[in-house]
Amino acid sequence: MLSELLTRRLLFVGGKGGVGKTTTAAALALVAAERDRRCLLVSTDPAHSLADLFGRPIGHRDTALTASLWALEIDPDRQADEHIETVKARMRRLVHPRSFAEIDRQLDLARHAPGTMEAAMLERVADVMALAGHQYDQVIFDTAPTGHTVRLLSLPEVMAAWMDGLLGHRERSARLGSALRHLGGGRVKGDDLSLLETASDHDEGSRDQQLNELLQTRRRKFVRARELLLDADVSAFLLVLNPDRLAVLETIKAHDLLTRFKVPVTGLVVNRVLPTDADGAFLNARRRQEAPYLEQIDQIFGRLPRVRVPLLADEVRDMETLLQLGRSIVSADDP
């Protein structure tokens, strides 16, 4: 049974591109809303399809879909632009005006550096994760393809380590400045990290102290997001796959990586399985082809709750069909 998915504050739905992650996430979100849980459905996939699925615009901010369901599509490019502009505004409060142009130039270059969009996306995801249990009873993420998701999940630890190193470097610089001042050397002008006009001890209200507080606040946000993600009582990761060779291989890799990161993988949705009553030579051939993959899935993921979702005769075009699909996922027995 996968009904426990709707008891978690955070649910991540992931898998190979094109296997039906968005449909699955949307179906589960509708069931959560039907059960009077205030639910936020979030797309982090750059190729957003939530708006197409629901047949209405869904933007960068929360959009009401039903009385208990909201949705948003996080735009990585827009998020990176907003992130850079926020950093610029913060830095202008901390540096001498003569450094403004150089700060803008460096940050504009950083906008196109590897990892910038992932970091900006992560900060937005961390903010949204914090809403679970407060503004919303549950937040369901329709994640990007598995490789992107794993990189996203690893960033909190990486960035926390980077910030620890940066803060440690600044602390050593401050201690050196204090020692020089006590030796009669006066205050130390500037430092190599912040471009501050004056930087030595972290005096109350100083720009150095403000920068330290900004770094610590951001670090706490990332660490808190990581803690939530790794808490099996709070978070769940649902893998979606089709019974074909590439999807099975991708899911094996994803499961191994998520397990290595200690992310709680709660179950599998095996999507688009040919129904047993489908007939014809072509469909029989396709059924024989998928049979060994279904067996492989049961063997490899035998410890995980699983549900097989049949291939539907028509596209999922309306909320009622989505709702029926979600009900079947959370109430189906393990095959």
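**A friendly note on helix 9 and its surroundings**

1. A good place to start is helix 9, whose buried residues pack against strand 6 (235–241), helix 8 (245–260), strand 7 (265–273) and strand 8 (306–310). Please keep in mind as you look around that this is a predicted model.

2. Which residues of helix 9 are buried? They include Glu290, Leu294 and Ile297. Glu290 is also where helix 9 bends, by about 30°, and a proline, Pro292, follows within four residues. From first C-alpha to last, the 20 residues of helix 9 (residues 281–300) reach 30 Å, close to the 28 Å expected at 1.5 Å a residue.

3. Stepping back, the protein chain has ten helices and eight strands. Of its 335 residues, 48% count as buried. Among contacts with a separation of 6 or more, 74% come from residues 24 or more positions apart. The accessible surface of the chain comes to about 16600 Å², and carbon and sulfur atoms hold 53% of that.

4. Next, take a look at Thr266, which lies in strand 7. Is Thr266 buried or exposed? Thr266 counts as buried because its relative accessibility is 9%, and the cut-off for buried is under 20%. Setting aside neighbours within four places in sequence, Thr266 is in contact with Leu2, Glu4, Leu5, Ala236, Phe237, Leu304 and Pro305.

5. Glu4, one of those contacts of Thr266, brings us to the salt bridges. A search of the whole structure finds 15 of them, including one in which the side chains of Glu4 and Arg8 meet (3.2 Å, N to O). The two partners are covered to different degrees: Arg8 counts as buried at 14% relative accessibility, whereas Glu4, at 34%, counts as partly exposed.

6. In helix 4 (residues 100–110), Glu102 and Arg105 lie three residues apart, about one turn of the helix. Their side chains meet in a salt bridge (3.0 Å, N to O). Glu102 is partly exposed at 32% relative accessibility, and Arg105 is partly exposed at 44%. Elsewhere, salt bridges that share partners join Arg61, Arg78 and Glu82 into one network.

7. Within that network, the side chains of Glu82 and Arg78 meet at 3.1 Å, N to O. How are these two placed along the chain? Glu82 and Arg78 are separated by about one helical turn because they sit four residues apart in helix 3 (residues 76–92). Glu82 counts as partly exposed, with 26% relative accessibility, and Arg78 counts as partly exposed, with 41%.

Technical notes. Residues numbered from 1 in each chain as written. Predicted model: local features only at pLDDT ≥ 70, side-chain atom pairs only at ≥ 80, totals over all residues. Heavy atoms only, no water. Buried < 20%, exposed > 50% of the residue type's maximum accessible area, 1.4 Å probe, protein only. Contact = heavy atoms within 4.5 Å. Areas by Shrake-Rupley, 256 points an atom, 1.4 Å probe, with all protein chains shown as cover. Expected span 1.5 Å × (residues − 1). Bend = angle between axes of the 7 residues up to and from the residue. Salt bridge = Lys/Arg side-chain N within 4 Å of Asp/Glu carboxyl O.
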